[in-house]
Structure formats: structure tokens, C-alpha cells
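Reader: I'd like to go through this fold with you before I set anything up. Can we take it one question at a time?

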Amino acid sequence: MTVLAVLCDSTANIDEATAAAFAERLEGRFDIVDLSVTVGEETRLDRQWSASEVCAGQMAGHAVTTSLASPDQFRTAIAEMAAAGAEAVLVLTMSAQLSGTFSSAQQAAAEAPVPVHIVDTQLTSAGMAGAVALAVAGAERGIEPKDLASEVTDWCQAETRTFFMPDSLEYLRQGGRIGAAASLVGRALAITPVLGLREGTVAPLARVRTRARAVDRVINLVTESAHEFSELYPERGQEVVLLHAEATFADASDTAHRLAAALEEADLPAGTQFRQAVLSTVVTAHVGPGSTGIVVQTIP
């Protein structure tokens with residue numbers, strides 16, 4: 001059995017308690033590699049910013065940009081995992097379509113002291129966090145690295161879906177992350193877009209005239225996905241994660257509160273779990289304050 005370590009990047013936004021629990025389960029062989037965020041002229045690692053600080057900077061008109069995790073960061077993390085006894089390392093990154101972090105991990109892997117298997121999750125936020133939980137559970141059970149990488153990849157492609165509603169398309173446009181939704185920019189004043197992640201890139205799912213109709217459309221997508229997962233994977237439960245850019249739900253946008261209320265009334269499969277989470281500051285930098293998302297996925 002190969003002794004395996006798990007690394008992920010910070011856009012999964014795994015909280016300190018969960019990260020500590022993962023490290024304990026793998027006897028220290030778990031770590032997070034940070035991307036960076038610059039607000040105005042100040043640069044910090046992703047997890048050193050608070051959601052409130054980044055949103056306040058954006059609303060004040062400061063330039064907010066992000067930087068990928070470097071190959072050196074991955075080299076250091078991989079070396080530390082090897083020193084902790086890992087015979088191989090599984091690295092999970094956010095979508096390679098949205099960040100060069102996957103490429104940085106590839107560069108580091110080429111010089112690593114142990115075999116490194118890299119998974120482009122094609123996700124971020126709660127979807128990616130679910131993939132990390134699956135990877136940790138698999139490493140704990142002793143699944144061989146190549147097999148676990150394949151299992152995680154399959155889960156990312158088949159058992160999680162991301163839907164989101166930016167308050168404005170401007171932040172996505174500025175950051176160059178708008179993907180197939182670029183066609184919506186010229187009509188932004190006339191529509192409320194419903195977006196999603198498709199094969200790792202931002203894609204338009206619906207174009208409606210009002211925020212209320214957009215909320216209805218998202219709830220329909222969530223409900224359809226949850227029932228599909230329930231039928232396809234009856235051995236697993238489902239969870240719905242409501243994501244917002246602000247530090248607390250009380251500070252979240254009106255859209256987030258509308259979605260939360262609608263989810264309470266939605267026709268979801270029995271036993272569907274529900275929770276709220278905050279977007280990483282890197283993701284917030286690209287989607288902007290007031291953005292709200294929902295991830296539907298099986299429970300790893």
C-alpha cells in the first residue's frame with residue numbers, strides 16, 4: 001500500500017478545523033497551497049485576507065487581482081509531504097481553465113522526490129472541497145494513487161454541479177475569466193445571467209429579465225440535479241451548498257437570502273443536506289461582491 005499525501009490549492013476554501021482534521025487523519029500528510037490576492041497595492045496569501053476586506057476593497061473601487069500558486073510553493077509542499085513519510089502525493093487544483101495553478105503543480109511534479117499525481121478538478125469552492133474530502137478518504141483507505149486520481153476525476157465530472165449569479169459581470173470581464181459568458185456583457189443591463197461551470201470554464205445557463213426569475217431558474221437547476229444524483233447514486237446522499245462572497249450570511253446579498261428561502265421550499269430528495277459557505281477571496285476577486293452560488297453534489 002502506497003503511503004499517500006494530499007495537497008490542494010486554497011480556492012477550495014477549506015476552513016482551519018477541517019484542514020487540521022484532514023491532516024490528523026493522514027498523519028500530517030495534508031496541506032493547502034495558497035494563491036495570492038492583491039487589493040490596491042497590498043498583496044497577501046488567499047487565506048490571509050478576509051472576505052470583508054476583499055469585498056470592501058472592490059466596493060471602494062480598488063483594483064483587486066489574483067496570482068496563481070507558484071511552482072516553488074508546490075515544490076516546497078511536496079518536499080514537506082515526502083519528509084512526513086509520503087511515498088506519493090495527490091494534488092488537486094482549481095480548474096486549469098481559470099488559473100495557471102494546475103500548470104505550476106505540473107512543473108513542480110517534474111522535479112519531485114516522489115511520484116506526484118495531479119487532478120484538474122475543473123471546479124473551485126465547495127465543489128473542489130468535496131473532491132478534496134473524497135481524496136482524503138481514499139488516501140486514508142489506502143487506495144493506490146493512480147486509482148484514487150481516477151476516482152476523484154470521475155466524481156468531479158459526474159457528481160457535482162455549480163451554478164452562480166454574479167451581481168455584475170464586470171469583475172469576470174476584468175479578470176478575463178468570463179469564458180463562454182462573454183456574449184452576455186453587452187446585454188448586461190437587460191438581463192440577469194445564471195452561470196455555471198462547464199468543463200472547467202464559465203458558461204451561461206440562462207438569460208432572464210429579472211432577479212426573481214433568475215432565482216427560480218437556479219432552484220429548478222438545483223432540484224433537477226439533486227433528483228438526478230439521487231437516482232444515479234442512491235448509495236450516496238446529496239448536499240446543497242449555498243455560497244456567498246460576504247463574511248457572514250447576514251451580510252450576504254439579497255439574492256443569497258432569496259435563494260436560501262427558496263431552497264427551504266424546494267422539492268429536494270428526502271435527506272438532502274444543506275449548508276452555507278463563504279467563497280475564497282480569490283474567487284470573490286473574480287466574481288465580485290454580492291455574488292451567490294449553489295453547488296449540488298453527492299456526499300463523498
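Reader: How many helices and strands does the protein chain have?
Author: Keep in mind that we're looking at a predicted model here. Going by its secondary structure, the protein chain has 13 strands, and the helices number ten.

Reader: What radius of gyration does the protein chain have, set against the globule rule?
Author: For 300 residues the globule rule gives 19 Å. The chain comes close to that, so it's as compact as a globular protein of that length, with a radius of gyration of 19 Å.

Reader: Which helix gives the most to the largest nonpolar core?
Author: That core has 70 residues, and the members touching the most others are Ile14, Phe30, Val89, Leu92 and Val152. Nine of its residues come from one helix, spanning residues 125–141. The top contributor is helix H5.

Reader: How many residues are in the other core?
Author: This one lies apart from the largest core. Its members include Phe163, Leu221, Tyr233 and Ala260, and its size is 21 residues.

Reader: What share of the contacts between residues at least 6 apart in sequence join residues at least 24 apart?
Author: Valine 89 makes a nice example: leaving aside neighbours within four places, its contacts include Leu4, Ile78 and His117. For the protein chain, the share joining residues at least 24 apart is 76%.

Reader: How far apart are the centres of the positive and negative side chains?
Author: There are 37 negative side chains and 20 positive ones in the protein chain. Take the centre of each set, and the two lie apart by 8 Å.

Notes: Residues numbered from 1 in each chain as written. Predicted model: local features only at pLDDT ≥ 70, side-chain atom pairs only at ≥ 80, totals over all residues. Heavy atoms only, no water. Core = buried A, V, L, I, M, F, W, Y, C linked by side-chain atoms within 4.5 Å. Buried < 20%, exposed > 50% of the residue type's maximum accessible area, 1.4 Å probe, protein only. Helix = DSSP H or I, 4+ residues; strand = E, 2+ residues; numbered from the N terminus. Contact = heavy atoms within 4.5 Å. Rg over C-alpha atoms; globule rule 2.2 N^0.38 Å. Lys, Arg positive; Asp, Glu negative; His and termini not counted. Charge placed at Lys NZ, Arg CZ, Asp CG, Glu CD.
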